[in-house]
Amino acid sequence: MTKQISIPGKRSRIRWLPQDNSLLKYICLAPAVIYDSIFFLLPLVFLVWIGFWSVENYRAVPGFSLANYSDIFSQFFVKSRYAYAIAQSLWVAITTTALGILLCYPFAMALMFLVPERLQRLLLVLAITPFWTSYILRLYAWQTILNNNGLLNTLLIQLKWVEQPVTIMFTQWGTRIGLLHYLAPIIILILYLVLRNTDRSLLGAARNLGATQWQTFWRVILPLSKPGIVYSAVFGLIISLGDVLSGIILGGGTGQSVLGKFPLFSTVILNEYAASTNLPRTSALATILIGIMMIILVSGLKLTESES
Amino acid sequence: MSTQRKQGIDLGLAIAGWGYLLLGFLFLMLPIVTLIAFSFEDARFPTFPWTGWTMRWYQELLSDGRLLQSLQRSLIVSPLAAAIATVIGFFAAYALNRFNFPGKNLLSTLFIVPILVPPLILGVAFLGLLSRLNLQGQVFSILLTHVVILMPTAIALISLRLAQMPKDIEEAAWNLGANEWQALYRVILPWAIPGIAGAWLLAFTFSFDEFIIAWFVSGFQPTLPVSIYTFLGANLSPSLNAIGTIVFGISVVLLTGVELLLLPLLLDGRSSSREM
Amino acid sequence: MNPLSAAKPQSNPSLQTGVPLTENAIAATAHDLEIRGVSKQFGSLMVLNNINLSVKAGEFIAIMGPSGCGKTTLLRIIAGLEGMTSGEIRLQGKDITHLPVHRRNTPMVWQSFALFPHLNVQQNITFGLTLIPHNRADVKRKVQEVAKMMHLETMLNRPISQLSGGQKQRVAIARALITEPKILLLDEPMSALDPHLRVRMQGELKRLQQTLDISFIYVTHNQNEAFSMADRVVVMNQGNIDQVGTPTEIYSRPATHFVAEFVGNNNLFDGEVVSVSEKTVTVSCPQGRMQALWHEQPHQVGDRVTVVVPAERLSLASAGTPGENTINATLRGFEFMGSQVIYFLETDTGYEVRMIRQEALDQSLSIPINSKLQLSWKIQDTILLGEQIQ
């Protein structure tokens, strides 16, 4: 059998290269993409779309109208007073997240630098333990602890540190404690991992150059852990904004805070949905909440992008 | 090792640090200990001072068919949901690990986002879709939702494990004559097993923790928010404490598995690949 | 030695006229591997620039060069792990350019060995064979053969994690050889081994190659490895092949500036040809006037050239010996390398010169640092290179 020899220098292409897009790639990605599209994106898009429906004769009518949103914004400061709820949610979320990071950071630091290597893993697992219990039941337990005649107050009065029980229940401080207890394990984990991945030689170098412990922390460790802080902040804010249970169980629905006695936005949404009178408008409210979270998420991503 | 570290840290600071750790663990553990303790207390409502020990809430639990039934349901739904999420997640993680393509970052973000969306919104959105399909209020619906929120964790953990895989072993498999599928099945999959197992365990635990919701959704109350709302308004039975303790106990067993498989991935990933 | 390769003409006229040849005729030219016009462009960077190379059957070829020169890329292109912008590759006459990696049968020994961690030694070795329908007894027999050849008989059931570096390397080689390939690719396989083990393995590897009589393509940045094992050495630089030749040729007759600098210990002096006589060429350099033999190095007056003097060819001058070039330099230091001593000297113009002598350290130490010395070398040891094309 004769074969033509190709003239050298001709353009040639291998039909399959490892980096190429092959059938395998599409088959591997397809299940996840399809599943998320149908059971995640679709419901969310649907939810947002319902927010643009109109209500006629107490029935929801598919369509596209801004009636719900204009209704919501007309009630922003009066009647339903959504603006105050949003402000309350943001206030609680921001303070909780800030507090959470402030409190968890030293914890992660202590875990990283004080605890012997072998014990670190065990203690980290213990710190994540709260995850393995039911969130609702934990809140219920906190109720027992924070009640006016609960564990904490009983202890404080016995120790004669206070005379009257300290009211924590039905204030936003109660909400914060519940949220903190939910967020703490994850924030500790994130910060610990970030600290663990810090180049140790940088710390040694700083000390060699005469930096004090404080300076080493402030000028070397802290800047390097910035991505971890941003992730924790984004996570904390989004979870806090979306949480309903802590606000209701510990905050009593309309917990008292510095801003006043306002409900959380998430609670408002839940209540409106449970009342089931105006689905399109409730969906519009939920969309607003999603919008706020997207802004936080995107800002967080932009922040970490600019770092790297 | 620790003495070296302590040389760089004042004794005073070290003491403060340990004290802080103690306080932190106290905060983290307190509700759990309370939960377990009060499941044994002989009182309708948990109060102080302690009234007495009893096992009657556990007995009540065992005789309450509904609660046990729901627990049973969870023990079926959770492993299944975890398995589905893990399988889908493995393939997605493999593709993300191996290929580079425009829009890869966007796709990765899409895969991660479900874990950030609050269950409240997800519940509302999901029920909106399900009610149109008349699928609401069924155990099957729980399965479907759970897979959505379990997938990000599965993908993240398996990706972590795959990232530690020496790049050349897949190339070596091809080089020796394996096509893509053979290499995936005979080289990549064996490597990924610890990640897959860890992801499954973690997903199982997350889904299992959602027991309370399942207890309602699969019961008489069809819609999720309504159920929770009602639950919160009603009187709480200490049997729930008992359930919580049992859930915690089962989770501890799973936790040990996770600890054995996952943490080596998270912490010492580099050294395990050095053993190659 | 394959008689066919000895008789092969330097260039095949059939290739140039494009007249079709039969496959048998191609095989008869007895080239295991032909790389023709292979180029790889990455953006604006030419990673590989028109690489042409023919590997004879049963030849040990070393591809040598600094990191980034493209040697590993070339190897991976041969294996099919990377693509090229243009060119073709033929294995025993058959065009494999379009074949995907898993169909080429060009097994590779990786730098990290790339052994499968979840399989034991035997399973690693038989991996390639188990991918297609196979006969158990056959496979078992082949494993025994290859294990014996690589001294692994006692370790077949051991997990990979329990092997030493040298053992891992042998498993990697056994795994590659069991499929009976015609060509073996090796990507710096010694770099993960201890130095003393490396030297031993060099001998073993060479013996293995000769016993099997298949071609080895061996990529390395280490000159000792390349020179001790290869039949021919390919020196690569920035995507180009600078020179191909036997170790001796490369060492004593570097063809380019780069090769002269990269290989061995050479001193390079840039200068201009000032006179040409029947026997000699005289070059004027900042360091002085030097002469080289004319018939070996045809040049004209005015040519810019580089004078290359191997460090081993320098010695301390005894007064005015004819037939020798001299330069003056100041001694700045020594480096003691076992039986050799490297002298570091500096000329008046601040130029570094190196001299290597076989002697004991105490002899060298008798010469005080900063003393002015005169160095000489034989004219016939001078190599001239044309102007470096930048």
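**Exercise 1. The interface of chain C and chain B**

Task: Determine how many residues of chain C are in contact with chain B in this predicted model, and describe the contact surface.

Solution.

Step 1. Count the residues on each side. In this predicted model, 22 residues of chain C are in contact with 19 residues of chain B.

Step 2. Consider the area. Chain C and chain B bury about 1,900 Å² between them, and carbon and sulfur atoms account for 62% of it. On the side of chain C, the residues that lose the most area to chain B are His102(C), Phe127(C) and Leu131(C). Together they give 28% of what that side buries.

Step 3. Examine the polar and charged pairs. The interface of chain C and chain B holds 7 residue pairs in polar contact, both residues being at pLDDT 80 or more.

Step 4. Assign the touching residues to helices. Helix 4 and helix 7 (165–177) of chain C each supply at least two residues of the side that touches chain B. The largest share, 3 residues, comes from helix 7 of chain C.

Step 5. Sort the residues by class. The side of chain C that touches chain B consists of 13 nonpolar, 6 polar and 3 charged residues.

**Exercise 2. Salt bridges of Glu171(B)**

Task: Identify which residue of chain C forms a salt bridge with Glu171(B), and which residue of chain B does so.

Solution.

Step 1. Recall the principle. Side chains of opposite charge can pair when their charged atoms come close.

Step 2. Look across the interface. The rule finds 1 salt bridge between chain C and chain B. Glu171(B) forms a salt bridge with Arg76(C), and the closest N and O atoms are 2.7 Å apart. This distance satisfies the cut-off, which is within 4 Å.

Step 3. Look within chain B. The side chains of Glu171(B) and Lys167(B) also meet in a salt bridge, at 3.3 Å from N to O.

Step 4. Relate the second pair to the helix. Lys167(B) and Glu171(B) are 4 residues apart in helix 8 (residues 167–175) of chain B, and therefore about one helical turn separates them.

Step 5. Place these pairs in the whole model. Over all chains, the count comes to 21 salt bridges.

**Exercise 3. The interface of chain B and chain A**

Task: Establish how many residues of chain B are in contact with chain A, and state which classes of residue form that side of chain B.

Solution.

Step 1. Count the residues. Chain B contributes 85 residues, which are in contact with 92 residues of chain A.

Step 2. Consider the area. About 8,500 Å² is buried between chain B and chain A, with carbon and sulfur atoms giving 79% of it.

Step 3. Count the pairs. There are 0 salt bridges between chain B and chain A, while 4 residue pairs are in polar contact, both residues being at pLDDT 80 or more.

Step 4. Locate the main contributor. Helix 2 (residues 11–38) of chain B provides the largest share of the side that touches chain A, namely 17 residues.

Step 5. Sort by class. That side of chain B has 66 nonpolar, 10 polar and 9 charged residues.

**Exercise 4. Two sheets of chain C and helix 4**

Task: State the strand order of the open sheet of 4 strands and of the open sheet of 6 strands in chain C, and describe how helix 4 of chain C packs on each.

Solution.

Step 1. Read the sheet of 4 strands. Its order is 3-2-5-6, and its pairing is antiparallel. Strand 3 (45–56) and strand 6 (94–95) of chain C each have a single partner strand, so one side of each is left without a neighbour in the sheet.

Step 2. Follow one pair of strands. Strand 2 (residues 31–42) and strand 3 of chain C are joined by 8 bridges. Phe42(C) stands opposite Leu45(C) in strand 3 of chain C.

Step 3. Add the helix. Helix 4 of chain C touches strand 2, strand 3 and strand 5 (86–91) of chain C. The direction of helix 4 makes about 115° with that of strand 2 of chain C.

Step 4. Read the sheet of 6 strands. Its order is 7-8-9-4-10-11, with mixed pairing. The edge strands are strand 7 (108–109) and strand 11 (240–245) of chain C.

Step 5. Follow the pair at one edge. Strand 10 (residues 232–237) and strand 11 of chain C pair in the antiparallel sense over 5 bridges. Val235(C) has Gln243(C) as its bridge partner in strand 11 of chain C.

Step 6. Return to the helix. Helix 4 (residues 71–79) of chain C packs on this sheet too, and among the strands it touches are strand 4 (60–64) and strand 9 (215–220) of chain C. The direction of helix 4 makes about 145° with that of strand 8 (183–187) of chain C.

Methods
Residues are numbered from 1 along each chain as its sequence is written. Chains are lettered from A and ligands numbered from 1 in the order in which they are written. This is a predicted model: local features need pLDDT of at least 70, side-chain atom pairs count only at pLDDT 80 or more; totals for chains, interfaces and linings use all residues. Side-chain values use heavy atoms; hydrogens and water are left out. Contact means heavy atoms within 4.5 Å. Buried area is the accessible area (1.4 Å probe) that two parts lose on being put together, summed over both. A polar contact is a pair of N or O atoms within 3.5 Å; within protein, one must be able to donate a hydrogen and the other to accept it, and residues adjacent in sequence count only if both atoms are side-chain atoms. Ala, Val, Leu, Ile, Met, Phe, Trp, Tyr, Cys and Pro count as nonpolar, Asp, Glu, Lys and Arg as charged, and the others, Gly among them, as polar. Two strands pair if DSSP finds at least two bridges between them. Axes are lines fitted to C-alpha atoms, for helices over the stretch in contact, and angles run from 0 to 180 degrees between N-to-C directions.
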